[in-house]
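User: I would like to learn how to read the space around a bound molecule. Could you take me through it?

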Amino acid sequence: MVARTVRTDDRPAEAAEPDGAPAAWGHRHLLDVDVLAREDIVAVLDTAEAMEEVLQRRVARTPALRGVTVFNLFYEPSTRTRASFELAGKVLGADVINMTGSGSSVEKGESLIDTVATIRAIGADVIVMRHPSGGAPYLAAQHSDAHVVNAGDGLHAHPTQALLDAFTLRRRLGDLAGKRIVLIGDIKHSRVARSNVWALTTLGMEVTLVGPRTLLPTGLNAAPPASGRDLSLPRVRLEEDLDRAIEGADAVMALRLQRERMQGAFLPSLREFSRRYQITPERMARAREGAAVLHPGPMNEGVEIAADVAHGMQSEVERQVAHGVAVRMAVLYLLTQGVGAAT
Ligand code: CP
């Protein structure tokens, strides 16, 4: 188990600890956002600001996590999350090992629990896991004393995506309390939407979920076993009419159709979905002037978002990806350097 203190020795400026990073955070794992209080989320966002400063240095390196081993264990494809966790660990001076299901002993029948135990025996202090089954990182956390970070589990949760989205929105809009965001498309199969509902409502945003009835959630009040929190979400509104929902919004987030998680036909046709739910320049004209456009990626341009909007002046999509590095640095730092590191 990692239990380190923040070092303040006489390193050169390029190697100094991130200024302004809190030295304590009360969580041992990051499995979802639903257990994070407002101050926990704010601590991540503030620490990510300090990490942004590190990333701007001439030599973007700090030894804050020297001696820490981060193991990226990805059982599903990823571009952004995996690459940014790898870079985040390296910038902080950690040793980073990447492994996918394919090519590992999982292909020889090794169980998830045995794989996690093996990785811990090799020396992993942090296991960053993406898995097609909801709950897999929770299982890993129960069977290992390493810190576990959920990098996306089935259609359940994607906490670091929600945190980087909150970071991006805070930079663009300032205080998020009372601001309105519309999440559009395949809400039902979106772990990003679910984690964002938690993060953004906790920060005081008014969230509207928009999509065809078949792709809107039905079980918003069904608490996952690990949560223990009241999951009634008073600030979440469900809406089928995008033109009505987007009126005056401060931000809109398009979501990809998660075909890999759909069992059965949820849409009469792709064309009909795009006609009703694609974010177009005409629809953006209904939102607040200068409203932010977000998409967690990967995008299907011409389906859920028009190319002009995806790459237009209001788009935050590339900044979301860039912010992912700082936010994941913050998460790695807080887990291994904070209170959670010692409990
Ligand atoms: N948003 C997201 O999780 O992207 P990747 O699948 O590329 O990691």
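Analyst: A pocket is found on a 1 Å grid over the protein atoms alone, as an open set of points with protein on both sides within 12 Å along at least five of seven lines. A molecule sits in a pocket if more than half of its atoms lie within 2 Å of its grid points. Here the space taken by the ligand is the second largest pocket. This is a predicted model: local features need pLDDT of at least 70, side-chain atom pairs count only at pLDDT 80 or more, and totals for chains, interfaces and linings use all residues. Residues are numbered from 1 along each chain as its sequence is written, and side-chain values use heavy atoms, with hydrogens and water left out.

User: Which residues are around the ligand?

Analyst: A residue is near a molecule if one of its heavy atoms lies within 4 Å of it. The residues around the ligand include Ser 78, Thr 79, Arg 130, His 158, Pro 296 and Gly 297.

User: Where does the ligand lie with respect to domain 1 and domain 2?

Analyst: Domain bounds come from an automatic or database domain assignment. Domain 1 (33-156 + 324-336) and domain 2 (159-223 + 230-321) both give residues to the shell, so the ligand lies between them.

User: Which backbone atoms are in polar contact with the ligand?

Analyst: A polar contact is a pair of N or O atoms within 3.5 Å. A polar backbone atom of Thr 79 is 2.8 Å from a ligand oxygen. For ligand nitrogen, the distance is 2.9 Å to a polar backbone atom of Pro 296 and 3.2 Å to a backbone N or O atom of Gly 297.

Key
Polar contact = N/O pair within 3.5 Å; in protein donor to acceptor, adjacent residues only side chain to side chain. 1 Å grid on protein atoms, 1.4 Å probe; cavity = no way out; pocket = protein on both sides within 12 Å on 5 of 7 lines; lining within 4 Å.
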